[in-house]
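This report describes selected features of one protein model, shown below. Strand pairing is taken up before internal space and cysteines.

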Amino acid sequence: MCKLVQTLNAETMTKKIMLLFLLAGTLLQGCKQEVYQWRGTHRDGIFHETDLLDHWPEDGPELLWTFEGLGRGYAAPVVTHDKIFINGEAEGKAFLFALDLEGNQLWKSPNGTEFVGEGFSSTYPGARSTPTVLDRRVYATSGMGQIACFKASDGEALWTVNITDYLDGEVGYFGYSESVAVDDKHVYCFPGGQSTNLAALDRITGKKAWTQSALRDTFAYGSPVLFDHHGQNLLMFTSRHHLMVVDPGNGKLLSSYKLEGYEYDGEHCNTPAYSDGSIYFVGNDIPGQGAFKVELSEDGKEIKELWRNPEIKNNFGGLVAVDGSLFTTVKGNRLVFLDPESGAV
């Protein structure tokens with residue numbers, strides 16, 4: 001009898017342990033790690049912060065700290081729960097900086113040469129993109145197209161790839177400005193070359209996962225966006241002449257939308273926004289669509305224009321879509337709100 005009870009207890013304990021492992025595995029699969037990146041968690045410019053000020057203090061907010069030494073550029077920081085990461089420049093070299101939340105430098109790691117330009121573009125030198133952070137790794141790009149993966153803890157470089165050498169890409173006249181998109185498997189980028197228009201790198205090793213010639217279109221200055229569309233993971237890019245939707249698993253082009261007109265020095269710099277089955281974008285081309293909203297079919301293989309407003313032009317001021325409405329800025333530093341049905345101001 002004692003042996004029987006011991007056997008039953010052992011079997012029960014084994015089943016409980018197995019059940020715990022199964023539950024833990026299920027929970028881990030369901031808990032997607034947060035990505036800290038350009039324009040927030042979903043790259044849509046929406047931040048779900050609380051306890052915001054109702055009004056600005058008369059003398060402005062209190063200055064808590066400053067940090068000098070980032071050099072020239074236009075890069076934006078990314079803020080995690082315990083660190084700040086930002087690209088910087090020093091004497092023509094690219095660096096990734098890590099600060100604590102009190103503004104103290106933790107480390108500084110080189111990332112090849114930085115963009116300094118020539119002719120007119122030399123008036124806009126320096127760092128350009130925002131790092132992407134996932135799972136204790138930081139993915140940063142230089143203005144000359146070097147993509148690197150660093151350890152978040154100490155800045156050790158785990159791998160580096162150059163889009164011109166490794167991916168047959170092309171650095172734009174105003175530098176490589178893309179903030180790469182990252183998921184559990186890949187780092188997604190737009191090299192802009194004829195043979196390698198779009199590319200995905202293994203996020204752990206930096207090796208090519210896939211490359212696609214897609215529409216063989218040249219560079220723009222926006223950034224790719226990963227989004228969930230009716231339970232399907234999709235990826236969108238902007239090139240000089242197109243908005244493209246692709247399968248992130250293999251880079252296959254699913255659908256595209258022609259960006260009409262093209263103005264040199266007015267290249268597309270905004271990142272498109274996805275919301276509830278629709279894609280929003282604002283360009284600066286003359287002539288061109290200006291601001292537009294398109295609907296993506298459920299399978300992602302068709303794009304239908306819902307409205308456009310050619311009077312709304314914005315080169316790099318950004319856009320946010322909320323409840324079907326578009327918010328963006330136009331000349332004269334005016335914030336405009338566009339009707340969800342017609343696109344009228």
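## The hairpin of strands 19 and 20

Strand 19 and strand 20 form a hairpin with six residues between them, and G300 in the turn has a positive phi of about 80°. The model is predicted, so local features are given only at pLDDT of at least 70 and side-chain atom pairs only at pLDDT 80 or more, while totals for chains, interfaces and linings use all residues. Residues are numbered from 1 along each chain as its sequence is written, and side-chain values use heavy atoms, with hydrogens and water left out. Strands (E, at least two residues) are DSSP runs numbered from the N terminus, and two of them pair if DSSP finds at least two bridges between them.

Six bridges join the antiparallel strands 19 and 20. Strand 19 (residues 291-296) also pairs with strand 18 (residues 278-282), again in the antiparallel sense, over five bridges. E295 has a bridge partner on each of these strands: S278 in strand 18 and K304 in strand 20. Five of the six residues of strand 19 are buried, so this strand is largely enclosed by the rest of the structure. Here buried means under 20% relative accessible area, exposed means over 50%, and partly exposed lies in between (1.4 Å probe, protein chains only).

R308 belongs to strand 20 (residues 303-309) and is partly exposed, at 31% relative accessibility. Its C-alpha atom is separated by 7.9 Å from that of S342, although the two residues are 34 apart along the chain.

## Two open antiparallel sheets

Strands of a sheet pair through backbone hydrogen bonds, either parallel or antiparallel. Strands 13, 14, 15 and 16 form an open sheet in the order 13-14-15-16, with antiparallel pairing. Strand 13 (225-229) and strand 16 (253-258) stand at the edges with a single partner strand each, so one side of each has no neighbour in the sheet. The twist averages 25° from one strand to the next; the angles are taken between N-to-C directions of axes fitted to C-alpha atoms and run from 0 to 180 degrees. Strand 13 is joined to strand 14 (residues 232-238) by five bridges, the two running antiparallel. Within this pair, F227 stands opposite L234 in strand 14.

A second open sheet has three strands in the order 21-22-23, also paired antiparallel. Its edges are strand 21 (319-322) and strand 23 (334-338); each has a single partner strand, so one side of each is left without a neighbour in the sheet. In this sheet the twist averages 20° from one strand to the next. Strand 22 (residues 325-330) pairs with strand 23 over five antiparallel bridges, and L326 stands opposite L338 in strand 23.

## Cavities and a pocket

Rolling a probe the size of a water molecule over the atoms shows where empty space is left. On a 1 Å grid over the protein atoms alone, a cavity is a set of points where a 1.4 Å probe fits but cannot get out, whereas a pocket is an open set with protein on both sides within 12 Å along at least five of seven lines; lining residues have an atom within 4 Å of a point. Grid points are joined across faces, edges and corners, and a volume is the space filled by probe spheres set on the points.

How many cavities of 30 Å³ or more are counted? The count is three. The largest cavity holds about 120 Å³ of space. It is lined by 17 residues, and those nearest its centre are E178, F190, A220, Y221 and G222. This lining divides into nine nonpolar, six polar and two charged residues. In this classification Ala, Val, Leu, Ile, Met, Phe, Trp, Tyr, Cys and Pro are nonpolar, Asp, Glu, Lys and Arg are charged, and the others, Gly among them, are polar.

The second largest cavity has a volume of about 60 Å³, and its lining includes H268, F281, D285 and K313. By class, three of its lining residues are nonpolar, six polar and three charged.

The second largest pocket contains about 690 Å³ of space. It is lined by 26 residues, of which Y74, S177, Y221, C269 and F316 are the closest to its centre. The lining comprises 10 nonpolar, 12 polar and four charged residues.

## Cysteines

A disulfide is a covalent bond between the sulfur atoms of two cysteines. Under the criterion of a pair of cysteine sulfur atoms within 2.5 Å, the count is zero disulfides. C149 is buried, with a relative accessible area of 0%, and C189 is likewise buried at 0%.

Terms used
Helices (H or I, at least four residues) and strands (E, at least two) are DSSP runs, numbered from the N terminus.
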